[in-house]
Amino acid sequence: MTMKPTPLPSSDWPARSLASVWHPCTQMQQALHQPPVSIARAQGAWLYPHQGPRLLDAVSSWWTNLLGHSHPVLVQALKQQLDQLDHVMLAGLTHEPVVELSECLARLTGLGHAFYASDGASSVEIALKMSMHSWRNRGLPHKHQFVALTGGYHGESAGALGVTDIPLFREAYAPLVRPAMTVPCPDPRQRPPHLDAEAWLAHCVAQLQACFEQHAGSLAALILEPLVQGAAGMAMYPAEYLRQVRRLCDEHDVHWIADEIAVGFGRTGRRFAYEHAEVKPDLVCLSKGLTGGMLPLAAVLCTDAIYEAFLDDQTVRGFLHSHSYTGNPLACRAALATQSLLDDAFIAQLEPRAQAFHQ
């Protein structure tokens, strides 16, 4: 006779989670000895567990929450949107929130035609495909390789792992991954003792230039996290490197993809980290703080030249990529409400606050 398992108490959320949920970035064997903390609610910067004292959400729920949990402006915007339109596919249809958000992001980035997904890794996949396919449509199918920085992290789907240089995430899936070339990141912690900061930066720029000179004929794009490599341990490098990136990409006809997923929307004191260098990428990936951490959403914006490379009477030359929840109206409405709060006055406060914290 088969014995039925003893039911768990209805309030034992950690145990029930371990019995039913496969948690991300977690060795589940270890989780048996350190169960997840069960969160009942959240408000502002605080998480309130079912048991025990409140917790400061210092990692901003994986760097997504910009304005505090349950922000009343975002909550009200979602309630109003839910009464009008919850979801509709974006192929052949459109809706007010996605149009308004796309116009907003175009104004903020100086790029256009937002393409939507649900998470950061998906936006990286989109940007890589967009770059390579645009070269193909321009009669340059040999430009299909990518270069990334050492220590870079761009997500854990197969294409994103190809441009991620963190073995912990990539090694187990090597047979699935098409690795990118890498060039040294100008993170000062990687600087050899015999080089000063200026010489190290010059060396990293020279290595990038050498890579471009050798492989420009096959390179579609360079992808990097502007100024801060988060998963590498908050590795930071000077804005001058981005200015040199822009110069070299222009000289060698290589796209620059800026992965602003973690650093965008004010995290570095400017709305986007690349703005510190006063340059603009060819493609930009956005997610995390895009909706203030309220709902999953990602976007890729690109130059007009990349977009126009897909305009053709032949369907096969279009960008045939999709996600079921592309441009979800609720997520777009949350993003619009977030951007209304992250206005120019809000962004202007960030650098003085950063200087105060630094002091």
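Student: In this predicted model, which exposed residues does the face of α4 turned away from its buried side carry?
Tutor: Exposed here means over 50% relative accessible area. On the face of α4 turned away from the buried side, two residues fit that description: Pro72 and Lys79.

Student: Why do the buried residues of α4 lie on the same side of the helix?
Tutor: The buried residues in α4 are Leu74, Ala77, Leu78 and Gln81. They lie on the same side of α4 because the arc they cover around the axis is only 95°.

Student: Against which helices do these buried residues pack?
Tutor: Leu78 is one of the buried residues of α4. The packing partners of this buried set are α5 (96-109) and α12.

Student: At roughly what angle do the axes of α4 and α12 cross?
Tutor: Helix α4 spans residues 72-82 and helix α12 spans residues 329-341. Their axes come within 9 Å, and α4 passes α12 in a right-handed crossing. The crossing angle is roughly 145°.

Student: How many residues of the contact of α4 with α12 are nonpolar?
Tutor: From α4, the contact includes Val73, Leu74 and Leu82, and from α12 it includes Leu330, Arg333 and Leu341. One residue of the contact is charged and two are polar. The nonpolar residues number 10.

Student: Which helix gives the most to the largest nonpolar core?
Tutor: This core has 57 residues, and Phe212 and Trp256 are among those that touch the most other members. Trp256 touches residues including Leu224, Leu242 and Tyr274. The helix that gives the most to the core, with seven residues, covers residues 197-215 and is α9.

Key
Residues numbered from 1 in each chain as written. Predicted model: local features only at pLDDT ≥ 70, side-chain atom pairs only at ≥ 80, totals over all residues. Heavy atoms only, no water. Axes fitted to C-alpha atoms, helices over the stretch in contact; angles between N-to-C directions. Helix = DSSP H or I, 4+ residues; strand = E, 2+ residues; numbered from the N terminus. Left-handed = near helix turned anticlockwise from the far one by under 90°. Contact = heavy atoms within 4.5 Å. Nonpolar A, V, L, I, M, F, W, Y, C, P; charged D, E, K, R; others polar. Core = buried A, V, L, I, M, F, W, Y, C linked by side-chain atoms within 4.5 Å. Buried < 20%, exposed > 50% of the residue type's maximum accessible area, 1.4 Å probe, protein only. Arc of directions from axis to C-beta. Lists of a residue's contacts leave out its neighbours within four places in sequence.
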